[in-house]
Amino acid sequence: MPVDQAAWEAAVRHLYEDAYPYDATGPRRHAEWVLDVLALMARVPDPRGWAGLDDAAGNPEREANPAYPFLPHPPEYVARRLQEIDRDSAESLLLALTEDGCDLAGLERFAESEEELRGMARTILARYGDAATFHTNVNRPGHVRGTLDFTSSGWAYSPLSVYTEDYGLIVVTDTEVGMFWNFADY
């Protein structure tokens, strides 16, 4: 399903307006795509010019560290903290990132039904096509390898930022790398 800029931006804005997000897409320039993730953390521009969300954009900490709130990690550190997941898990994860806690309980605050919200998540993923791969720092193992189970009460994540909690989704294609991240500090 092809998606246009207006629909994609509207879905991103609606789902993450109440989170503390970093949602952006950058070009894929390296075979080792984690290098492109690091460039994306440092705010490389969207190759299509589409608007994401960056709540830390005006933070003075960015003067010393352009990747703030992400910490300056080497690629191998980041790569070890990411696991590949399937598209269905990526769709659910996009919904879990709408607020702190990385679960689906927060969907109740939306006026739309869960199916309508899933449609927005599918709109976001449609930008990247059917051949995209999905990676996360969240560990909510499902019954099948490469899946996440949002019905389980136990979960973990491998943080990449200055915050006590950060979790997200990385989408990788041959030409783009997308990043959808939420931060929380308790």
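**Strand 8 and its sheet**

Modeller: In this predicted model, strand 8 sends Glu176, Gly178, Phe180, Asn182 and Ala184 one way and Val177, Met179, Trp181 and Phe183 the other way, and all are buried.

Colleague: Why is strand 8 called mostly covered?

Modeller: Buried means under 20% relative accessible area. In strand 8, residues 176-184, 9 of the 9 residues are buried, so "mostly covered" fits.

Colleague: How do you know that strand 1 and strand 8 pair?

Modeller: Pairing takes at least two bridges between two strands. Strand 1 (residues 21-27) has 7 bridges to strand 8, so they count as a pair, and they run antiparallel. In that pair, aspartate 23 stands opposite phenylalanine 180.

Colleague: And what makes strand 7 a partner of strand 8?

Modeller: Again, the bar is at least two bridges. Here 8 bridges join strand 7 (residues 165-172) to strand 8, so that's a pair too, also antiparallel. Valine 172 stands opposite valine 177 there, and a hairpin through 3 residues links strand 7 to strand 8.

Colleague: Where does strand 8 sit in the sheet order?

Modeller: The open sheet has 6 strands, ordered 2-1-8-7-4-3, with antiparallel pairing.

Colleague: Why do strand 2 and strand 3 stand at the edges?

Modeller: Strand 2 (53-54) and strand 3 (83-85) each have a single partner strand, so one side of each has no neighbour in the sheet.

Colleague: Which helix packs on the sheet?

Modeller: Helix 1 (residues 5-16) does, touching strand 1, strand 2 and strand 8. Its direction makes about 155° with that of strand 1.

Key: Residues are numbered from 1 along each chain as its sequence is written. This is a predicted model: local features need pLDDT of at least 70, side-chain atom pairs count only at pLDDT 80 or more; totals for chains, interfaces and linings use all residues. Side-chain values use heavy atoms; hydrogens and water are left out. Buried means under 20% relative accessible area, exposed over 50%, partly exposed in between (1.4 Å probe, protein chains only). Helices (H or I, at least four residues) and strands (E, at least two) are DSSP runs, numbered from the N terminus. Contact means heavy atoms within 4.5 Å. Axes are lines fitted to C-alpha atoms, for helices over the stretch in contact, and angles run from 0 to 180 degrees between N-to-C directions.
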